[in-house]
Amino acid sequence: MSNTSFPPNFLWGGAIAANQVEGAWNIDGKGMSVADVATYKPHVDNKDYSSHLAITKETIERAAKDPSEKWYPKRRGIDFYHRYKEDLALFAEMGFKTLRLSIAWTRLFPTGEELLPNEKGVTFYKNVFKEMQRLKMKPIVTLSHYEMPLNLSLKYNGWVDRRVVDDFVRFSKVCIDEFDEYVEYWLTFNEIDSIHRHPFTTAGIIDELSAPGGEEKDIYQALHHQFIASSLVTKYAHEKNKNNKVGCMLTKLMTYPLTCSPADVELTQRKNLENNFYADVQVRGEYPGLIERDLQNRGIVINMEKNDRKLLKKYTVDFLSFSYYMSMAESADPKAERTPGNTVLGVKNPYLPSTDWGWQIDPKGLKISLIELYDRYQIPLMVVENGMGAVDKVENGKIYDPYRQAYFEAHFKEMKEAIDEGVDLIGYTSWAPIDLVSAGTSQMSKRYGFIYVDADDEGNGTYNRSRKESFEWYKRVIETNGDSLYEA
Ligand code: BG6
């Protein structure tokens, strides 16, 4: 039992991404993004996660020519574009202090290469931010959340080409200038590490556009460009307004050794080092020596310009944010049973239960992650995604979701323990406060919200919103700044 509250200004809230909620994929001048060609792929029973990540130039071009929304659920989202006032009102009713949301790059720069922004796109976000300001909800804005212009992907193989850095910085500067009076917290790249797991979604990289055998090199090159872009944006945000705070955003993939055999521990150590690499660059401002040597050993040479290392060192982030859904184990035994996680296939941990999608539920792992990250980087932390995808059933017009409540309750208590032990955790945004289209599978039936959206995987439904049982529960957590978690 804890005897103190969460910190007084703790930022409680929720997180969404433009491509998973907005819809309106082809109106008011919006261009096509990589999310608009992502197809619906259920995989509840499909343990081979890699199958739905396969994407070729031909499938992309075919999708780009297809005007229908049917198999491309991210094109319709949950119609946040037209219903944002209603959704923000519901978030405000839960007492949100913050909402993490992203800006669709293609709403402002349809091909990514225009020199001036599409005014209708700027107006849409201004209206959203104005409404948030009225509701006293601070935005945390992700500039890139799996929605880069498709044009840049097809023309340049995405972030592999350095020219994309300029395009992104131009887009980011417009956002920082136009939304200056509303936004103080910025995140550059959502789950920047995910470039290795789904290069197309994250960085517009199409495997077959790389030279044969050069795919890995291209991924590291693109990642380097994102690091550089992130430093340039951080520099600009700080120059523009001293109140601006810029964060990096990682997928925290906590890995435990399946046994205490040194071989399992060694493999696990490697996984965890790799997972920290991205924050090492963005927080400490340099590539870790072990990673540089590893790249050298693999014959991977990243092309860097003269000032790149200086830029990385000088313009580091102000805080570190991360998503945390699950943990996994690692084993030297190739026969060890595996289970899916957040775009990973990890070894199954016999001590943990799993969600309907096989992701292993591990609240203690969140505390361990917080302690580890804070000890390592010593800057403020934010948990900007955490939640469980579940199949919700509507019974007599209501949704009872005690499993969701139990998931959050256990995670919040671990967060509190980490805070009590000295971790500077400044905020928490659940993924996602409202049902939305899944990033990985484009399903609607993988539901995360405290708010139910009446839409199915094929887009049928009224899209009406209703409060699940967990809505009142989260509201009370926020109202009491976490004290309700400890009520008898
Ligand atoms: C995170 C992404 O990796 O996981 C989100 O940043 C995503 O965009 C979330 O929605 C959950 O994954 P999924 O595949 O269940 O939507």
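This tour moves through the barrel of a predicted model, strand by strand.

**The whole barrel.** Select strands β1, β2, β3, β4, β5, β7, β11 and β14 together. These eight strands close into a barrel in the order β1-β2-β3-β4-β5-β7-β11-β14, with parallel pairing. Neighbouring strands of this sheet are turned against each other by 25° on average, direction ignored.

**Helix α14.** Add residues 402-420, which form helix α14. This helix packs on the sheet, where it touches β1, β11 and β14. The direction of helix α14 makes about 170° with that of β14.

**Strand β14.** Next, select residues 425-431. Is this strand mostly buried or exposed? Six of its seven residues are buried, so strand β14 is largely enclosed by the rest of the structure.

**From β14 to β1.** Keep β14 displayed and add residues 11-15, strand β1. The two strands pair in the parallel sense over five bridges. To locate one of these positions, pick Trp12 in the viewer; its bridge partner in β14 is Tyr428.

**From β14 to β11.** Now replace β1 with residues 381-385, strand β11. Strands β11 and β14 run parallel and are joined by three bridges. Here, select Leu381 and look for Leu425, its bridge partner in β14.

**Strands β4 and β5.** Finally, turn to another part of the barrel order and select residues 185-189 for β4 and residues 245-251 for β5. How many bridges join these strands? There are three, and the strands run parallel. Tyr185 serves as a marker for this pairing: its bridge partner in β5 is Lys245.

Methods. Residues are numbered from 1 along each chain as its sequence is written. This is a predicted model: local features need pLDDT of at least 70, side-chain atom pairs count only at pLDDT 80 or more; totals for chains, interfaces and linings use all residues. Side-chain values use heavy atoms; hydrogens and water are left out. Buried means under 20% relative accessible area, exposed over 50%, partly exposed in between (1.4 Å probe, protein chains only). Helices (H or I, at least four residues) and strands (E, at least two) are DSSP runs, numbered from the N terminus. Two strands pair if DSSP finds at least two bridges between them. Axes are lines fitted to C-alpha atoms, for helices over the stretch in contact, and angles run from 0 to 180 degrees between N-to-C directions. Contact means heavy atoms within 4.5 Å.
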